[in-house]
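Colleague: Before I use these labels, I would like to hear what each one rests on. Please show the model and take me through the reasoning.

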Amino acid sequence: MKLELFYYDACPFCQYVLGTIDELGIQVEYCNIQESNEHLNRLTSDTGRRTVPCLYIDNKPMFESSDIMEWLKSNQSKLPKKA
C-alpha cells in the first residue's frame with residue numbers, strides 16, 4: 001500500500017497528522033507543497049484543491065486531518081512500518 005502525505009510545516013492540522021504517523025511508526029512518502037511545485041501541481045490537478053493535509057492512499061486522496069488520523073489508526077496493522 002502506497003501512502004503519500006501532502007502537507008506543509010506551518011499547517012497545524014498537518015502537524016496533528018504528522019504526529020500520528022510518527023506515533024504509529026508508519027512509512028509514508030512526504031510531499032511538502034511549499035517546497036515543491038511538482039507536489040503542489042499534482043495536488044491541485046488531481047483534486048482541484050490546495051487543501052492540506054491530504055493523504056493519498058494508493059493514489060486516492062483523503063482530506064480532513066481527523067479522517068486521516070482515524071483511518072491511519074484503524075488500518076495501522078495493514079500499513080507499512082518505518083524501517
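The exchange below takes the labels in turn and sets each against its cut-off.

Colleague: What kind of model is this?

Modeller: It is a predicted model.

Colleague: Why is glutamate 4 called buried?

Modeller: Its relative accessibility is 2%. Buried means under 20%, so glutamate 4 counts as buried. The residue is found in strand S1, residues 3-7.

Colleague: What makes the pairing of glutamate 4 with arginine 42 a polar contact?

Modeller: The side chains of the two residues are joined at 2.8 Å. The cut-off for a pair of N or O atoms is 3.5 Å, and therefore the 2.8 Å pair is a polar contact. Arg42 is also among the residues that glutamate 4 touches, as are Cys54, Leu55 and Tyr56, with residues up to four places away in sequence not counted.

Colleague: How do you know that S1 and S3 pair?

Modeller: Four bridges join S1 to S3. At least two are needed, so the two strands pair, and they run antiparallel. One of the partnerships is between leucine 5 and leucine 55, the latter in S3.

Colleague: What pairs with S3 besides S1, and how many bridges are there?

Modeller: Strand S4, residues 60-63, is joined to S3 by four bridges, again antiparallel. Four meets the requirement of at least two, so S3 and S4 pair as well. Tyrosine 56 stands opposite proline 61 in S4. The two strands form a hairpin with two residues between them, and aspartate 58 in the turn has a positive phi of about 50°.

Colleague: What makes you say that both faces of S3 are covered?

Modeller: S3 spans residues 54-57; Cys54 and Tyr56 lie on one side, Leu55 and Ile57 on the other, and all are buried. Buried means under 20% relative accessible area, so each side of S3 carries residues that fall under that limit.

Colleague: Which residues have the most contacts inside the largest nonpolar core?

Modeller: They are Leu3 and Leu72, in a core of 28 residues. S1, H1, helix H2 (37-47), S3, S4 and H3 each supply at least two residues of this core. H1 gives the largest share, five residues. In soluble globular proteins, nonpolar side chains tend to be buried together. Leaving aside neighbours within four places in sequence, leucine 72 is in contact with Leu3, Val17, Thr20, Ile21, Leu24, Ile26, Leu55 and Leu79.

Colleague: Thr20 appears in that list. Is threonine 20 buried or exposed, and why?

Modeller: Threonine 20 is at 5% relative accessibility, so it counts as buried. It lies in helix H1, residues 12-24. Apart from residues up to four places away in sequence, threonine 20 touches Met69, Leu72 and Lys73.

Colleague: Cysteine 14 is found in H1 too. Why is cysteine 14 called buried?

Modeller: The value for cysteine 14 is 0% relative accessibility, and the limit is 20%, so the residue counts as buried. Cysteine 14 touches Tyr7, Tyr8, Val52 and Pro53, not counting residues up to four places away in sequence. Its C-alpha atom and that of methionine 62 are separated by 13 Å, with the two positions 48 residues apart along the chain as the numbering separation.

Colleague: How do you know that lysine 78 is exposed?

Modeller: Its relative accessible area is 57%. Exposed means over 50%, so lysine 78 is exposed. The residue lies in the segment after helix H3 (65-75).

Note on methods:
Residues are numbered from 1 along each chain as its sequence is written. This is a predicted model: local features need pLDDT of at least 70, side-chain atom pairs count only at pLDDT 80 or more; totals for chains, interfaces and linings use all residues. Side-chain values use heavy atoms; hydrogens and water are left out. Buried means under 20% relative accessible area, exposed over 50%, partly exposed in between (1.4 Å probe, protein chains only). A polar contact is a pair of N or O atoms within 3.5 Å; within protein, one must be able to donate a hydrogen and the other to accept it, and residues adjacent in sequence count only if both atoms are side-chain atoms. Contact means heavy atoms within 4.5 Å. A nonpolar core is a set of buried Ala, Val, Leu, Ile, Met, Phe, Trp, Tyr and Cys residues joined through side-chain atoms within 4.5 Å.
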